[in-house]
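Hi everyone, thanks for coming. Let me put the structure up on the screen, and then we can walk through it together.

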Amino acid sequence: MALSREQIAQRVAQELKDGYYVNLGIGIPTLVANYVPQDIEVMLQSENGLLGMGQFPTEDEIDADLINAGKQTVTMANGASVFDSAESFAMIRGGHVDLTVLGAFEVDVNGNIASYMIPGKLIKGMGGAMDLVAGADNIIVTMTHASKHGVSKLLKNCALPLTGKGCIKKVLTDLAFIEIKEGKFHLLERAPGVSVEEIIKLTEGEIVVTGDIPEMKL
Amino acid sequence: MAGFDKVVSSYEEAMAGLTDNMTIIAGGFGLCGIPENLIAEIKRKGTKDLTLVSNNCGVDDFGLGVLLPNRQIKKIVASYVGENAEFERQMMAGELEVELTPQGTLAEKMRAGGAGIPAFFTATGVGTPVAEGKEERTFNGRDYILEEAIVGDFAIVKAWKADRYGNLVFRKTARNFNPLAATAGKITVVEVEEIVEVGELDPDQIHTPGIYVNRVIQGTFEKRIEQRTTRPSDMHEAKGE
């Protein structure tokens, strides 16, 4: 079975390490915050200027001056700090964020990512995504492996305008956990009950399968 | 003699000198920390063909979105737009020029503009549509593009508190682009929730020194929330926070 949004988030959360500063993008990445292992501490960075994002506020705690990058009302965790947007992107561009998780429309074997614009449709903008992919060394892209019509989103070459070039090394889809290196996809894990053949069929770019591919543990 | 006293008493006075075709840099992120009454004053004045530099363009009836119906904005430089229908209509019809700029680059353009740095190199946008027409250079084996700074004829800023000299304190994530915008305006206008006497703000706690600020006005704010997200309060108690 393909992973649900929650299960994708759950698997990403296993990549978190104690003491990590993490930036979570909008959508599935945001859900990762719900699955932080109990025995580690991570701090969430929100690029609008908050390090140490807490949970959503109660009705009584709502503060119009305290939102995350998705414009949702949030709270501050213990030890949080606030700062301006230039400082926020100094952290991001300067490589100080340990892990970035964000969504995408397409990725390709060269680590290119397209995530912000579909020509001909409404163009909303890249927000902070271009800075995040350019600045982070450790990025996990979360996405569906293929469209509803079975068209692969893991490509030889991205067809849509790029958000970043050669910057993606790890992709977690609803079917597989994949590493990108030396111009190829490398299959690391498969979703429970999903066969290697299914993954190969839905991957347009070259994919390397070495030995037995383990199922993800959730 | 006014000395360093920057306080003005009307919004008309606050935006005096703004004319057609000017560039305005605005603070705010979404609807958080936007100078809502200064924007309303620009609408009232009816100034046209403006270039707006702002992370977003508000929603249909709030924030910079209110300048759209009367076609007051000629061009917007922003990182994320399209939270309103009239914006989409004008953009698709080619009536509104939109220059999409990565959020960090936009912040740095303002910072650089205010700091007298005409341009800077960044890896953000290399190999993407953002790099088109820009100079590229390699430093230590990595490619970077040259991005130019932005200076505005006006900067419009929302802060929490100011003293009469224009020293500013921001509150939580309403800070965002505001301190950067404040440095990058030829005329910087700040609206605040509270004006205090000089000496009342702790110098160690001032986010923006008054040297960047030309005019200060006290206003009342709606502070609209774009995405009201909450958790149940019993869960809150269960966690003992």
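Let me start with a question: which side chain does B:R231 meet in a salt bridge? The partner is A:E61, with N and O 3.2 Å apart. Before I go on, please keep in mind that this is a predicted model.

That pair sits in a broader picture, so here is the interface. On the chain A side, 49 residues are in contact with 55 residues of chain B. The area buried between the two chains is about 4300 Å², and carbon and sulfur atoms give 58% of that. If you look for the residues of chain A that lose the most area to chain B, they are A:D65, A:K71 and A:K124, which together make up 18% of what that side buries.

Now the polar side of things. Six salt bridges are found across the interface of chain A and chain B, and 27 residue pairs are in polar contact there, both residues being at pLDDT 80 or more. Which elements of chain A each supply at least two residues to the side that touches chain B? They are β4 (76-82), α3 (85-93) and α4 (129-135). The largest share, four residues, comes from α3(A). By type, that side of chain A divides into 21 nonpolar, 16 polar and 12 charged residues.

Let me move to the salt bridges within chain B. Over all chains the count comes to 25. One of them joins B:E99 and B:K75, with the closest N and O atoms 2.9 Å apart. Those two are 24 residues apart, B:E99 in strand β4 (residues 97-100) and B:K75 in strand β3 (residues 73-78) of chain B. Buried or partly exposed? B:K75 is buried, because its relative accessible area of 18% falls under 20%, while B:E99 is partly exposed at 30%.

A second pair is B:E147 with B:K134, at 3.2 Å from N to O. Here B:E147 lies in strand β7 of chain B and B:K134 in the loop between β5 (119-122) and β6, 13 residues apart. B:E147 is buried, with a relative accessible area of 2%, whereas B:K134 counts as partly exposed at 30%.

The third is B:E193 with B:K158, at 2.8 Å. B:E193 is in strand β10 (residues 185-196) and B:K158 in strand β8 (residues 152-163) of chain B, so the pair ties together parts that are 35 residues apart in sequence. B:K158 counts as buried at 4% relative accessibility, and B:E193 as partly exposed at 26%. Salt bridges with shared partners join this pair into one network with A:D63, A:D65, B:R171, B:K172 and B:K223.

Finally, a look at some strands. In chain B, β6 (residues 136-139) and β7 (residues 142-148) pair antiparallel over four bridges, and B:T138 stands opposite B:D143. The two form a hairpin with two residues between them, and B:N140 in the turn has a positive phi of about 50°.

In chain A, three strands form an open sheet in the order β7-β6-β9, with mixed pairing. Why do β7 (113-114) and β9 (154-155) have one side without a neighbour in the sheet? Both stand at the edges, each with a single partner strand, so one side of each is left free of a neighbour there. Strand β6 (residues 106-108) runs antiparallel to β7(A), joined by two bridges, and A:E106 has A:A114 as its bridge partner.

Note on methods
Residues numbered from 1 in each chain as written. Chains lettered and ligands numbered in written order. Predicted model: local features only at pLDDT ≥ 70, side-chain atom pairs only at ≥ 80, totals over all residues. Heavy atoms only, no water. Contact = heavy atoms within 4.5 Å. Buried area = accessible area lost by both parts, 1.4 Å probe. Salt bridge = Lys/Arg side-chain N within 4 Å of Asp/Glu carboxyl O. Polar contact = N/O pair within 3.5 Å; in protein donor to acceptor, adjacent residues only side chain to side chain. Nonpolar A, V, L, I, M, F, W, Y, C, P; charged D, E, K, R; others polar. Pairing = 2+ DSSP bridges. Buried < 20%, exposed > 50% of the residue type's maximum accessible area, 1.4 Å probe, protein only.
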